[in-house]
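Open the model in your viewer and keep the sequence panel beside it. Each stop below says what to select and what is there.

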Amino acid sequence: MSVSVSLLMCMCVYRLQVSKQMSRRGDIPVNSLISTQEKGSTADQPRGHSHLVFHWVKCNADLTREKKSISFLKLGIRVEHYFKMQEGSLCPTTSFRIFYLRLLGFCFLYFSSVAGTQAECPVQLSQQRVVVRYNGSVAVNCNTSITHKGMGWEASEGGVPMTRDKMITWRVSHLTEWDIEPFCYINHEEQCQVQLLVTIYKTPDSVSISIVDHSGPMIEGQQYELQCDVHDVAPVQYLTVKWYKGQTLINQNTFTEDSKTPGNKTATLQIRPDRADDGAQYSCAAELELGAEGPQPPPNKTSESLSFTVYSKPIIDENKLPSIVPVFRGNPEVLVCEAEGNPKPTISWILGTNVIVYNETLTISESTPEHVYCIADNSAGRTTRQVNVSIQDISISTVSHTGPMIAGEWYELQCFIQNVVFKIVDVRWYKLNQINVTETIKTPANLTYKVRIRPDRADDGAQFWCEAKLEAKGPQRYSTMSSDHLSITVHSKPIIDENKLPSIVPVFRGNPEVLVCEAEGNPKPTISWILGTNVIVYNETLTISESTPEHVYCMANNSVGSTTRQVNVSIQDISISTVSHTGPMIAGEWYELQCFIQNVVFKIVDVRWYKLNQINVTETIKTPANLTYKVRIRPDRADDGAQFWCEAKLEAKGPQRYSTMSSDHLSITVHSKPIIDENKLPSIVPVFRGNPEVLVCEAEGNPKPTISWILGTNVIVYNESLTISESTPEHVYCIANNSAGRTTRQVNVSIQVKPIINENKLPSIVPVFRGYPEVLVCEAEGHPKPTISWILGTNVIVYNETLTISESTPEHVYCVANNSAGRTTRQVNVVLKEDYLPLIAGLIAVTVVFISVIFIFIYSIYYKTAKMGRYSLKDAKPSAQNGNIAQNGKHSPIPMKKLSQSDILA
């Protein structure tokens, strides 16, 4: 059915056009929903259907055009209206436009009522819309629940002839017709049909991105155009081109062209790169958004990434290069000019008219011009920054004083600041001496600043200076200028070091002490000692002994004053001895030592005992604080020659709180019982016959032991060595003897005898008959008892006293008898012999059997002829005298007749 309605009012044109022939039967397909799309089309919009097109003309506007489409899916009609704004056109009045809209609404209601009469076609499609890839397969069912006269599918591909079935399927294996419009029809009361919406898509063959009319690096801030080319894609109205910067979506383009066949499309993007875009990755992606019936996610193809270089004008870092830089006289400053840009900028400085310095840094001083300029330059542009150089000056001095200061007195310092261009925030004073102590004092903001100080001896050589904190303009808000350092000299009265010179010094008899008097002061003090009335010693050290006066004085003197310290000399004595014993000590017994302390002026804190011998072992024992201290000892042999002494720790007054006095060393002699060296004299000594051995008996002890040997009952040998042989008794004894005791060690003499094999029991030749094994016995005598083994062939050894041999035994076997005294070997030859005794026995047996057979034969003949009679049964009558015979297992008497000799021979 073709419908066309045209209305013309004023300069506005209404045009209704049905552009597609719905079907040769004149029916309109019915769909279920109505959707509106402002731009392009949606996935639910039917394609290739009748549509209404409205053209609107509006005056007094720019020449632009916007297309809007309204789809009436229920009617299968698409209505498009165009707003076309054209200069010089006449505009209808408001009342006319209201009338026009009412007329347009009436037309929509009319078409809705016409279509509603055909909305009850009694067929259902399994899918209202299908999306198929080009050359892909498709299958859609059409079914009905009523009885009909025939139904079928009409399509340019895969049509189904009319049939009376209630469900038929439209199926195409390779769908290649872009404009296909299949519909299912049914003949019921009248013919009706339902059209299937088919969208065929094809993903692009390629997607590429490029820059339009440009090559090489881009310049920051300029505009460039990127182009995305999509080749051979369909349908175009579903195509969206998405633009990405890295992984970020930055823009997208859609297309309104209503084309079902593949085509090439181009999308563009305007960009204005900045310095952050240098090396950025741009790409575009072509995506077919085919709606809910289409594949999910939508088909997508992305171009390769496009990277480009962005050149940017230099930017100087103002944080590192302030606009005003103060320079203090004698203290050069280094300016740093850093700039960012692409390509990397070159840095230069302009000083005055003709001076140019090519470097990132510039050292400025009081001779530098007032204005300097940093220039950063590259191919993208040039940046200049002016720096104002401000020369500052500050000084420090004493007020109304010159020369050294005296510790403890007051003085005044002043800080003079001149030619200051900034506001003075505050002034700080610093003091730095050898121990690096800093003191800070804030004062009001004046041009001349003063501070009072009271130096002490620690301030000698200290350095004072002042700093002015200035408030500047620019990123670096504050700056500081410092004066030169003012070093002061402080004179102080001597102070004697009491730690090195205590007030009481103990002196032990025979042990002089050295006193050291050290004093600090400025100027350096001179040291002297006063001993008694008229004795003065000019030296820092003084040696004192038991003859020194009880009181001595150290005097330290300089230009500021004099200091005196009194020292009291205390003579001490301490001794060590044994209690109730003289002479050598016996190892293992108990003895007592005593420590006697006399003339002690200090409190005794504790007494310690020490033992030092050749191996330098120290033992400490604390005892209560008495004048006589004792300790029990039990020396051992290692203490021979050990030295014992005692020390008394005294508590004194003054900085050196404790002092120690020690007794002379007491050396002791320890007598110890002999110990025989068992390593050199073992308990068992082997002796081989004919080979004498020498025994050595060494013993340690104090006094040195005497050595003797006991052999048997009455034999004693006085010597450290003893020669033994096979005639020596089995047990000998070494005796080590001294005044501390006696030690005996027994030695067992073990006589060694080489094995002797018993040849009577083991002949050299042994015959062996086949099948009759023999047992060889190897016995040997020796000391220690020998071990027996047999050697058969190369690698076979049998450890046993007996050996069974047979015809398989090697021809030669060896018996080996072994002990610690030696080894004896005896060879045995095995002779294999044949045994004829069974053969002889067999022959004798056969002969006996043969003779026995002959004898039996002869005897049987003789027996028959000489011992046996003959009998006849003829005319025989049974009687009791006849013999019996067995009949049928029973005994029955049978008559017999005795035959005569003649009858037998007959």
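The stops that follow cover two sheets, two cores, single residues and salt bridges in this predicted model.

**Stop 1: a sheet with antiparallel pairing**

Select β7, β9 and β12, which form an open sheet of three strands in that order, with antiparallel pairing. β7 (124–125) and β12 (167–175) are the edge strands, each pairing on one side only. Now keep β9 (residues 136–143) and β12 in view: seven bridges join them. Which residue of β12 is the bridge partner of valine 140? Tryptophan 170 is that partner.

**Stop 2: a sheet with mixed pairing**

Next select β17, β25 and β28. They form an open sheet in the order β17-β25-β28, and the pairing is mixed. β17 (218–219) and β28 (339–342) each have a single partner strand, so one side of each has no neighbour in the sheet. Strands in a sheet pair through backbone hydrogen bonds, parallel or antiparallel. Here β25 (residues 310–316) and β28 pair in the antiparallel sense over three bridges, and serine 312 stands opposite asparagine 342 in β28.

Stay in β28 and pick alanine 339. Alanine 339 is partly exposed, because its relative accessibility is 21% and buried means under 20%. Beyond its neighbours within four places in sequence, its contacts are Pro314, Ile315, Ile316, Pro345, Ile347 and Ala376. Aspartate 377 is 38 residues from alanine 339 in sequence, while their C-alpha atoms are 9.1 Å apart in space.

**Stop 3: the nonpolar cores**

In soluble globular proteins, nonpolar side chains tend to be buried together. Select Val230, Leu239, Val241, Trp243 and Ile271: of the 28 residues in the largest nonpolar core, these touch the most other members. At least two core residues come from each of β16 (206–211), β18 (224–233), β19 (239–245), β21 (263–271) and β22 (281–288). Which strand gives the most to this core? The answer is β18, with five residues. Another core, of 25 residues, lies apart from it and includes Val123, Leu125, Trp170 and Trp178.

Return to valine 230 and show its surroundings. Not counting neighbours within four places in sequence, its contacts include Leu239, Val241, Lys265 and Ala286.

**Stop 4: asparagine 819**

Move to asparagine 819, in strand β73 (residues 812–819). Is asparagine 819 buried or exposed? With 11% relative accessibility, asparagine 819 counts as buried. Polar atoms of its side chain lie 2.7 Å from the backbone oxygen of proline 784 and 2.9 Å from the backbone nitrogen of alanine 821. Asparagine 819 also touches Val753, Lys754 and Pro755, among other residues more than four places away in sequence.

**Stop 5: salt bridges**

The whole structure has 17 salt bridges. Begin with lysine 202 and aspartate 205, whose side chains meet at 2.7 Å, N to O. Lysine 202 is buried, at 16% relative accessibility, whereas aspartate 205 is partly exposed, at 46%. Add Asp232 to the selection, since Lys202, Asp205 and Asp232 are linked in a network of salt bridges.

Then select lysine 611 and aspartate 639, a salt bridge with its closest N and O atoms 3.4 Å apart. Lysine 611 is in β53 (residues 603–612) and aspartate 639 is in the loop between β54 (628–633) and β55 (643–651), so the pair ties together parts 28 residues apart in sequence. Both residues, lysine 611 and aspartate 639, are buried.

Finish with glutamate 698 and lysine 680, a salt bridge at 2.8 Å between the closest N and O atoms. Glutamate 698 is partly exposed at 29%, and lysine 680 is partly exposed at 45%.

Key: Residues numbered from 1 in each chain as written. Predicted model: local features only at pLDDT ≥ 70, side-chain atom pairs only at ≥ 80, totals over all residues. Heavy atoms only, no water. Pairing = 2+ DSSP bridges. Helix = DSSP H or I, 4+ residues; strand = E, 2+ residues; numbered from the N terminus. Core = buried A, V, L, I, M, F, W, Y, C linked by side-chain atoms within 4.5 Å. Buried < 20%, exposed > 50% of the residue type's maximum accessible area, 1.4 Å probe, protein only. Contact = heavy atoms within 4.5 Å. Polar contact = N/O pair within 3.5 Å; in protein donor to acceptor, adjacent residues only side chain to side chain. Salt bridge = Lys/Arg side-chain N within 4 Å of Asp/Glu carboxyl O.
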